[in-house]
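Reader: I am in my first year and would like a close look at one part of this protein, namely its interior. Could you take me through the packed core and then the empty spaces, explaining each term as you go?

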Amino acid sequence: MKVQDKRLDEISGMARSLHQPEVLWVHNDSGDKPRLYAIGPDGETIGILEVTNAGARDWEDMVSFRIDEKKFLMIADVGDNGAVRNDTILYILEEPDPADFAQDRTQQIAACAVIPYRYEDGPRDCEGVAVDVPNRKVYLISKRTEPPVLYELPLTARHDDDDQPFVAKRIAPVGGIVPPTAAERAIPGRLGQYRSQVTAFDISPDNRTAAVLTYGNIYLYHREAEASWVDTLTGTPERIPVKGMPQAESLCFEAGSNTLLISTEDNKPPVLRYQLR
């Protein structure tokens, strides 16, 4: 599938709809308005969702998740190329049914919760955010550090009138993501010297597999039944090279836990499907 909307030329976040499994929610990188696009299986835009109480300084990832019977989307305004931000924010909204776009192609919604936060060891660039629903935790992975570092936040409501940010706790380096070799650094573009930088992160619907995307590879972390996500993400992953996409930027699991979708920043970007074991 190729995304057809010319406005979507920097897809940096992607999540499956929990109402309509064949629909993807996506957003652009910095420079766009605070809005999500619903994309159908043919790559065409079904509708646009404007988030009325959100900013869009540098949206870099998004997650869909379910708590009890409610369906949610989390948008991560966490990009920080210069490691200077003190205003990184996670926005949570109840996912509307994409079928509603049949009546109105542009809709508005307010985030039902806002989680402003800072990192305990100073500002960090980040493009990978995932939610551990059973334990009510948000995990974040730094981008420009070698190796990438795992951070943790509580998954809890925080509204606009709260003043103090949460503190993202530094956990440990993420296991198995090593710096590029000299030969890899010589490859032109981001696939070379930036090959190991994390650009997306997701946890499977069955809460058993985490997928971490870099510009050049997918890393799969398989959680044993009694293991924590911290133990799993600091362990040894399975590595899958990304093929046919020189700058992998966004990732999510499909409705099942055995398929990954990956996209990039480009005009009419492809959405590649990876079938897992």
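Author: What follows goes from the nonpolar core to one buried residue, and then to the pockets and cavities. The model is a predicted one, in which local features need pLDDT of at least 70 and side-chain atom pairs count only at pLDDT 80 or more, while totals for chains, interfaces and linings use all residues. Residues are numbered from 1 along each chain as its sequence is written, and side-chain values use heavy atoms, with hydrogens and water left out.

A nonpolar core is here a set of buried Ala, Val, Leu, Ile, Met, Phe, Trp, Tyr and Cys residues joined through side-chain atoms within 4.5 Å, where buried means under 20% relative accessible area, exposed over 50%, and partly exposed in between, with a 1.4 Å probe and protein chains only. The largest such core has 25 residues, and those with the most contacts inside it are Phe65, Met74, Leu90, Tyr117, Val129 and Leu140. Two or more of its residues come from each of β5 (59–67), β6 (70–77), β7 (88–94), β9 (113–119), β10 (126–132), β11 (137–142), β12 (149–154) and β13 (166–173); strands are DSSP runs of E with at least two residues, helices are runs of H or I with at least four, and both are numbered from the N terminus. The largest share of this core, four residues, is supplied by β9.

Contact means heavy atoms within 4.5 Å. Leaving aside neighbours within four places in sequence, Leu90 is in contact with Met74, Ile75, Ala76, Val78, Ala113, Val114, Ile115, Tyr117, Val129, Val138 and Leu153. Apart from the largest core lies another, of 19 residues, among them Leu36, Ala54, Ile75 and Ile109.

Thr88 has its place in strand β7 and counts as buried because its relative accessible area is 2%. Its side chain reaches the backbone oxygen of Tyr117 at 2.7 Å. Not counting residues up to four places away in sequence, Thr88 touches Asp77, Val78, Ile115, Pro116, Tyr117 and Arg118.

For the empty spaces, a 1 Å grid is laid over the protein atoms alone: a cavity is a set of points where a 1.4 Å probe fits but cannot get out, a pocket is an open set with protein on both sides within 12 Å along at least five of seven lines, and lining residues have an atom within 4 Å of a point. Grid points are joined across faces, edges and corners, and a volume is the space filled by probe spheres set on the points.

The largest pocket has a volume of about 240 Å³, and of the 15 residues that line it, Arg16, Phe65, Val133, Ser204 and Pro205 lie nearest its centre. At least two lining residues come from each of β5, β10 and β14 (198–203), with β5 giving the largest share, four residues. The second largest pocket holds about 210 Å³ of space, and its 13 lining residues include Met1, Glu22, Glu254, Leu261 and Arg273, which lie nearest its centre.

In the whole structure, a search finds two cavities of 30 Å³ or more. The largest cavity has a volume of about 40 Å³, and its lining includes His27, Asp32, Arg35 and Trp59. The second largest cavity, with about 30 Å³ of space, is lined by Met14, Ala15, Arg16, Met62, Val63, Ser64, Asp202 and Cys252, and the elements that give two or more residues to this lining are β1 (11–16) and β5.

Definitions and conventions. A polar contact is a pair of N or O atoms within 3.5 Å; within protein, one must be able to donate a hydrogen and the other to accept it, and residues adjacent in sequence count only if both atoms are side-chain atoms.
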